[in-house]
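Trainee: I'm new to this one, and I'd like to learn how to read it. Could you walk me through a few features?

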There are 2 protein chains.
Amino acid sequence: MAASFANGAMNRSGKVEPLPEEFDPKEIVSPMALESDAGAVEECVETRREIVLGRNVHTMCYTIKEPEVDDDVTGEREGYMASVLARYRKSLIERTKHHLGYPYNLDFEYGALSQLQHFSINNLGDPFIESNYGVHSRQFEVGVLDWFARLWELEKNEYWGYITNCGTEGNLHGILVGREVFPEGILYASRESHYSIYKAARMYRMECVKVGTLISGEIDCADFERKLLLNKEKPAIVNVNIGTTVKGAVDDLDMVIETLEKSGFRGRFYIHCDGALFGLMMPFVKRAPKVTFKKPIDSVSVSGHKFVGCPMPCGVQITRLKNINALSSNVEYLASRDATIMGSRNGHAPIFLWYTLNRKGYRGFQKEVQKCLRNAHYLKDRLIEAGISAMLNELSSTVVLERPKDEEFVRRWQLACEGNIAHVVVMPNVTIDKLDDFLNELVQWRTRWYGDGVGEPPCIAADIGPDNCCCAEHKKS
Amino acid sequence: MAASFANGAMNRSGKVEPLPEEFDPKEIVSPMALESDAGAVEECVETRREIVLGRNVHTMCYTIKEPEVDDDVTGEREGYMASVLARYRKSLIERTKHHLGYPYNLDFEYGALSQLQHFSINNLGDPFIESNYGVHSRQFEVGVLDWFARLWELEKNEYWGYITNCGTEGNLHGILVGREVFPEGILYASRESHYSIYKAARMYRMECVKVGTLISGEIDCADFERKLLLNKEKPAIVNVNIGTTVKGAVDDLDMVIETLEKSGFRGRFYIHCDGALFGLMMPFVKRAPKVTFKKPIDSVSVSGHKFVGCPMPCGVQITRLKNINALSSNVEYLASRDATIMGSRNGHAPIFLWYTLNRKGYRGFQKEVQKCLRNAHYLKDRLIEAGISAMLNELSSTVVLERPKDEEFVRRWQLACEGNIAHVVVMPNVTIDKLDDFLNELVQWRTRWYGDGVGEPPCIAADIGPDNCCCAEHKKS
C-alpha cells in the first residue's frame, strides 16, 4: 500500500520549484507513508526533502475509526478519542511555546467566550443586510467594522466591509472590487507581495505586471513608473503592501500615489492596501506614514489572527461604499444581495475581535506595538553583536536574519524561511526572555555549524544589503 | 446623524430587485438607524422593507467603547462586556430553539474540545504539505478527508482535498479546477443552483449557460441537451446539485452524464457535485442514486456545519488528484505550493468534524438520516391534512410549503422563503415535538389570516405542482 501510494504519486505529479510565498520554507514532504497496523495513527518516515505540488502525502493522520457495536458499553472509543486529544493538546502547548516565525499573536484569553462555543453562529451574506437566520453575530461584526473604519478614517456612511476568513480573502475581495470598477485594468504588485495577489490575478483572468523592489523589500517606484508608462492606455489596479510577508517592508503609499498621478493615471487607478499584519500596527507608530481613506485609496485588509490574536484565522476588509455599489449595481454578478466572497461566515470570529478591541482599545494596542518594536530592535542588535547577519526595517517588528543551517533548528523555532534568509516576527507574546532563549540557542548551534573552520555563514548581502551582512567578506572589523 | 446617514445611503445606492439565493427572504432592511445616547447599542426603527444592495445599514450593533483610564479600577468595562455577552447568549438560546429554515444541525456537543479554544490553530496552505507553523491540525484534517474520500469511493492516493470555510468555497474551488482543466469550457448549471455557482462564473470570467428545471427543482435534461448542442465546440463544466437549496431536489447525475455522452462530450466534460447538504445524507439513503467517483465526476463538496453540525461554517472539498496536478503544473498560477483558495485556514473546524465522525460513524449518520426523512414525511403529511400546500421530494428532508403571510411568523421560526414559498429543513435537531409546535402555531395563525373569508391562501401550483397545491382552485374535495 505504502509503496504503490508513493509510486502513484510519483507518476502523477511533476516536481516544481518552490516559490516565495506565505511562506512555509521549502521542505519537509515525505514521499513515503507507512500505515500503522492499528490503523489509528499513520506516521511518516522522512526520506527526502522536496516539494511536489499536488502530491497527496499522508505524513501523519488520526484515522477515523468506525465505532464498534459495543463501543458504547466498553467506552473504548471515548478512551481513544480522549487520548488523541490529550496528546494533541500537549503538542499544541509545546508548539505554541516555541514559535517565532509567523506573525500570529498567540497571547490571548477568551475564557469568557467559551460559553458560546456550542452555538452554530453564522453571519451569512452581507453584514449590513439582516438574514432570517437568527443565530448570528452581526451586531458584533458591525461594531468591529466601525472601529476599523474609524481607525482608517472612513465615515460610517461611506464604508462597506465584512469580517473575512483570512488575509487572503481580503486580498481576493480587494482585487475583485478593483476589477469590477476597472474591468480592463492591469494589476500592479511588487514582487514581494503576498502570493494571494498573484493567485487573484490568475483566478480573475487579469493582466498582471510585477514591479521590482528595493533591498528593504519596498516597491521600487522608479520601476513602477517605467511599467506604468508602458501601459498608459489601461487603468491601474495597484496592490500596496503595508508590510511585506518576508521583510516587513512598508510600501511608500504617498510615493505610489504620486507616481500614478504624474504618470497620467489620475482618476484611473484603484489602490488596495494589503495590511495583513502592519495595517493594525502602523496607526500606532508615531513616525509612520498614514494609511487613511483621506488619501485616494479604495480598500484595506488586515488579518485578525495576527496582531489582535484569535483562535482561528480571520480578517477585516474595509472598502468604499461607492465601490460596492459599482459592484452590486451589476445584479447578474452577485445573483444575490451578497457582496462578500464567501456565503456562510464564521460568526465566532467577530465576537473574539470585538472582545479584544473592547478590552485593549487604542491605548492598549499602542502599548503593545511599542513593546514589539522595542523587542524587535533588541533582537536585531543582539544578533549583530553576535556577528549574525540581520536586518530590521524602520517601521517593522520583523527581524530578517541568516537562515539557520540546520532544519531541525528552523522547525524547533518554527521560523519562516526563504532562500538564504529566515525571519522572526516579534509579536506581543514574544518576550525578551523568549528572544534570549532563542539567541543563546542560535549562538550555541552556530558554534557547531561554523566553529573550528568547519564552514562559513552564508553571505546574504543580496537579500539584506552589505551593511547588514556579517559574512566574512562584508563583516566590518 | 441618523438622517444624513440614511440620505447618504439613498444617494449612493441604486435599489435592486431581490434574487433567489442562499436564501434569506427579501426583507428587513431598515433604512433608518438611531444611535442611542449611551453610544453602546444602536437599534433600528424599522420603517420599510426592501433590499438595497450595498447600503450600509447599522440595524443594531454593539459599539466598541474605548476604555477609560480608570476602567481597570472600577471594573466598568468588564461589567459592560459581561452584560452584553449574557444578553447575547440568552438570545442565542432562544434563536437556536426556534429554528427550522436553514439546513444547520444545531444539535452538537463539543465540550471535550473547549480545552483547545485558546490555541491559534491554523492549517495554512495545502493539507498534504507540512508547514513550519506547528500549531496546526493537519493530522485531523487528513483523517476527515480520508473518511469522505472513502464515502465517495476515491482511493487515498487518487484524491486531493481540503477543509474549506463553507460550501461556497467548495463550489468556488470545484468550478476553478474545472476551468483550469478546460480553460475554454462553458459552465452549465440549473437555474435552481446555489448562487455561488453564478458568482464563480462571473469571478472567473467564464461563459455560463443556465439550464431549466423540472417542477421538483431537478435539472431538466431535455433543456440541458438542447443547450449542449448549441455549444458543441467547447467543453462542458457542469454543476450538479446534490440537493438544491430551496426544494432539496437532487439532480439525476446518471442522466446528466448520459446527456453529456450522447451529445458528443465524452472526455470533454468536468462535473462538480454541489453536495452542500445532501452530499452527506444521500450515501445513507437506500434507494438514492449514488454519488461516487466510480462515475466520471471530478469534484464533490459538502458543508460541515449542515448535517454534521459545527459551531462555525466549514466544508469538505474532494477532487481527483490528477485535476490538481493539472492545476499545479502551472506554477505561475499558484505562485505557491498551495492549491486551496484561502491561505490561512481554520484549524478548529477539522477537529470538530473529526470528533463527530468518530463518535457517530457511518451507522450513526445512517440512523440520523432515517430519522430526518421520517420526520420530514410527518411534517409534509400533517401540512396536507391541515389543507396547507406542501411538497417533499423523495430523497429530501426539505419540506416546501406556502409562504406564511406574516413576516413576524417567518422570522419567529427563521424560515427561508423565496417568492410564494417557504421551506423547513428537517435536521437531526428537529424533533416531532418541535414540528408539532410549529404546525399548531401555523394553523392558529392561518385562522387569523384566512379565517372568516378574510383572504385566501396563495396558489403555489407553479412552484410545487397542482397536485401539491391546496389553494381554492387546486384543492381536491
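Trainee: Which residues in helix 3 of chain A meet which residues in helix 11 of chain B?

Mentor: Some ground rules before that. This is a predicted model, so local features need pLDDT of at least 70 and side-chain atom pairs count only at pLDDT 80 or more, while totals for chains, interfaces and linings use all residues. Residues are numbered from 1 along each chain as its sequence is written, chains are lettered from A and ligands numbered from 1 in the order in which they are written, and side-chain values use heavy atoms, with hydrogens and water left out.

Mentor: Helices here are DSSP runs (H or I, at least four residues), as are strands (E, at least two), numbered from the N terminus. Contact means heavy atoms within 4.5 Å. On the helix 3 side of chain A you'll find R77(A), E78(A), Y80(A), M81(A), V84(A), L85(A) and Y88(A), and they meet I351(B), W354(B), Y355(B), N358(B), R359(B) and K360(B) in helix 11 of chain B. Sorted by class, the residues of this contact are eight nonpolar, one polar and four charged (Ala, Val, Leu, Ile, Met, Phe, Trp, Tyr, Cys and Pro are nonpolar, Asp, Glu, Lys and Arg charged, and the others, Gly among them, polar).

Trainee: How do I describe the way two helices pack?

Mentor: Two packed helices are described by the angle between their axes and the distance between the axes. The axes are lines fitted to C-alpha atoms, for helices over the stretch in contact, with angles from 0 to 180 degrees between N-to-C directions. For helix 3 (residues 76–97) of chain A and helix 11 (residues 348–385) of chain B, the axes come within 10 Å and cross at roughly 160 degrees. That makes helix 3 of chain A roughly antiparallel to helix 11 of chain B (under 35 degrees is roughly parallel, over 145 roughly antiparallel, 65 to 115 roughly perpendicular, the rest oblique).

Trainee: Is that crossing left-handed or right-handed?

Mentor: Right-handed, for helix 3 of chain A and helix 11 of chain B. A crossing is left-handed if the near helix is turned anticlockwise from the far one by less than a right angle, and right-handed if clockwise.

Trainee: What about helix 11 of chain A and helix 3 of chain B?

Mentor: Their axes come within 10 Å and cross at roughly 160 degrees, and the crossing is right-handed. By class, that contact has eight nonpolar, one polar and four charged residues.

Trainee: At what angle do helix 5 and helix 6 of chain A pack?

Mentor: About 45 degrees, with the axes of helix 5 (residues 167–181) and helix 6 (residues 195–203) of chain A 9 Å apart. They are therefore oblique to each other, and their crossing is right-handed. T168(A), N171(A), L172(A) and I175(A) in helix 5 of chain A meet S196(A), I197(A), A200(A) and M203(A) in helix 6 of chain A.

Trainee: Now a single residue: is T292(B) buried or exposed?

Mentor: Buried, at 4% relative accessible area (buried is under 20%, exposed over 50%, partly exposed in between, with a 1.4 Å probe and protein chains only). T292(B) sits in the loop between strand 8 (269–274) and strand 9 (299–303) of chain B.

Trainee: With which side chain does the side chain of T292(B) make a polar contact?

Mentor: That of E153(B), at 2.7 Å. A polar contact is a pair of N or O atoms within 3.5 Å; within protein, one must be able to donate a hydrogen and the other to accept it, and residues adjacent in sequence count only if both atoms are side-chain atoms. E153(B) is partly exposed, at 26%, and has a positive phi of about 60 degrees although it is not a glycine.
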